[in-house]
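I opened this model to look up a few packing details and to note them down in the order in which they came up.

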Amino acid sequence: MILDALAPDDVDHGVVDLLGTWLPQRRWYPAKGTDARLSPVGAVHLTPDVRVVLVHARAGEVDVVLQVPVVLVDGDPPAGTDVAAVVGTVGGRTVLDAAGDARFLAAWLASADGPGADVDVARARVVTGEQSNTSVVLPGADGVPVGILKVLRTLAGGENPDIDVPRRLVEAGWDGVPAPLAWAQARWTAPDGEAAVGYLGVLSTFVPGAQDGFELACTWAGEGRAFGAPAAELGATVAGMHAALVRAFGTTPDAEGGPTLARALADRLAWATASVPSLAGYGDGVRALADEVAALPDTPARQRVHGDLHLGQVLRSAGRWFVIDFEGEPLAPLAARVLPDLALRDVAGLLRSFDYAAAVGGLTGEAAHAWTSDARAGLLAGYGLADDPSSTLLLRALELDKTLYEAVYEARNRPAWAPIPQAGLERLLP
Ligand SMILES: Nc1ncnc2c1ncn2[C@@H]1O[C@H](COP(=O)(O)OP(=O)(O)O)[C@@H](O)[C@H]1O
Ligand SMILES: O=P(O)(O)O[C@H]1O[C@H](CO)[C@@H](O[C@H]2O[C@H](CO)[C@@H](O)[C@H](O)[C@H]2O)[C@H](O)[C@H]1O
């Protein structure tokens, strides 16, 4: 079922007036530090008291439709209401942030598609700490977590790889991804006046006792503990994911694979240099490697891939790996993120992560080299990568491509970590 957003009414306008001060305090708000213009584009009424207000936010380069679910209660907030959940008052009704509210969660589940799950919405717990969306853990009647609902904060019409790809992987019989249990889609009028249909969120199977792969690797690196064994298991998991992606989406032969990748590398260099001009110093090295790649007689067929695979996108639980977050590189346009690509791009992403884990774990010099070499060897062996010159060259080119992306990502988001991709560039282009 697709939920239709109604045209904004007085309540929606009143809610949006309150959001000017409330939104900038949310971790997921993408226009922090700006004086964004906010206007309602519509609202999905899940019940008379629960609605999802869709808000157009514009500030500089930011031009997005945000999802703000709210619950309206008559009069003052009920006793025991978390003050952080109170957005304000509209027409004598209190407006509450609904993300973790049982009334919203029950209404959402009742409107969603998919197999569903038996959960106790009264025991919901909002996950703190992540940034781009809001995740809510939903336990069963016994209090044991069953699912995790991701409320997407920035809405987009069309396919959403973070939901569509796991759905297709599960259909293809792969169990290395948390299975989507319920998903909700809405139809709204986009700010350009066109109708848009897109996902509001997804409830996925909760992975119990999950450890974030990056935190795990950093801890092991910090303890000087070799990561080769879990890395090998991760390699096997990624190989299984790639095989399932082929079953689900097929492959696209690419007779021009070498020149295509060489052009992509040159484009990446130009893109990265535009943001971080000092990267121009690596131009000759990048171009030389691109020339080698362009001359490759053939490359593997292209297929759907994860697209932004790194250790922060994998969870480890009871000796198994699970892959999450299939949305691709957040800095790339959606159209580019859903194109078939080289499966080795995902392997290269994980190789880069080992450099990060070693650095964040505090390893330097020979100790860092030994730790990453062991993890790299484990991953490649587990993945089953042929040890031939063509694969080695492709992998090096894809690692270089990712490292250029990371140099821009770190310059924009975490300048203190910029030395990590910088060291990667030195290693890849000696
Ligand atoms: N299926 C799951 N089971 C258990 N924990 C999960 C699951 N999916 C996500 N998480 C936890 O929630 C966090 C945020 O999930 P993620 O998909 O990365 O959200 P976002 O897109 O907002 O960054 C993850 O880092 C992980 O710790
Ligand atoms: O997780 P996202 O999809 O938001 O990906 C972005 O952020 C990542 C950082 O959170 C970034 O990953 C880089 O840092 C990781 C350590 O924090 C490291 O493990 C990765 O190898 C490294 O690329 C990712 O590039 C970016 O798209």
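**Notebook: helix packing and a small set of strands**

I began with what covers the buried residues of α3, and found that the cover includes β11 (180-189), β12 (195-205) and α5. I should record at once that this is a predicted model.

Which residues of helix α3 are buried? Within α3, which spans residues 161-171, I listed D162, I163, D164, V165, P166 and L169 as buried. After α3 comes G173, and I noted that its phi is positive, near 85 degrees.

I then followed α5, since that helix had appeared in the cover of α3. Helix α5 takes in residues 228-249 and lies across β16 and β17, and I read its direction as about 45 degrees to β17.

That led me to the sheet itself, which is open, has three strands in the order β13-β16-β17, and is paired in the antiparallel sense. I noted that β13 (211-212) and β17 (320-323) each have a single partner strand and stand at the edges, so one side of each is left without a neighbour in the sheet. Strand β16, residues 314-317, pairs with β17 over four bridges, again antiparallel. For one register point I looked up R316, which stands opposite W321 in β17. As a reminder to myself, strands of a sheet pair through backbone hydrogen bonds, either parallel or antiparallel.

Next I turned to the pair α11 and α12. How do the axes of these two helices cross? Helix α11 (residues 389-413) and helix α12 (residues 419-428) have axes that come within 8 Å and cross at roughly 155 degrees. Because the cut-off for roughly antiparallel is an angle over 145 degrees, I entered α11 as roughly antiparallel to α12. I recorded their crossing as left-handed. On the α11 side the contact is made by R396, E399, L400, T403, E406, A407 and E410, and on the α12 side by I420, P421, Q422, G424, L425 and L428.

Last, I took stock of the whole protein chain, in which there are 12 helices and 17 strands. Its radius of gyration is 23 Å, close to the 22 Å that the globule rule gives for 430 residues, so I noted the chain as being as compact as a globular protein of that length. The C-alpha atoms fill a box of roughly 70 × 45 × 40 Å along the principal axes. Of the 430 residues, 41% are buried. Among contacts between residues at least 6 apart in sequence, I noted that 69% join residues at least 24 apart.

Conventions. Residues are numbered from 1 along each chain as its sequence is written. Chains are lettered from A and ligands numbered from 1 in the order in which they are written. This is a predicted model: local features need pLDDT of at least 70, side-chain atom pairs count only at pLDDT 80 or more; totals for chains, interfaces and linings use all residues. Two strands pair if DSSP finds at least two bridges between them. Two residues are in contact if their C-beta atoms, placed from the backbone, lie within 7 Å. Axes are lines fitted to C-alpha atoms, for helices over the stretch in contact, and angles run from 0 to 180 degrees between N-to-C directions. The radius of gyration is taken over C-alpha atoms; the globule rule is 2.2 Å times the number of residues to the power 0.38. A residue is buried if 20 or more other C-beta atoms lie within 10 Å of its own, exposed if 12 or fewer, and partly exposed in between; C-beta atoms are placed from the backbone. Angles under 35 degrees count as roughly parallel, over 145 as roughly antiparallel, 65 to 115 as roughly perpendicular and the rest as oblique. A crossing is left-handed if the near helix is turned anticlockwise from the far one by less than a right angle, and right-handed if clockwise.
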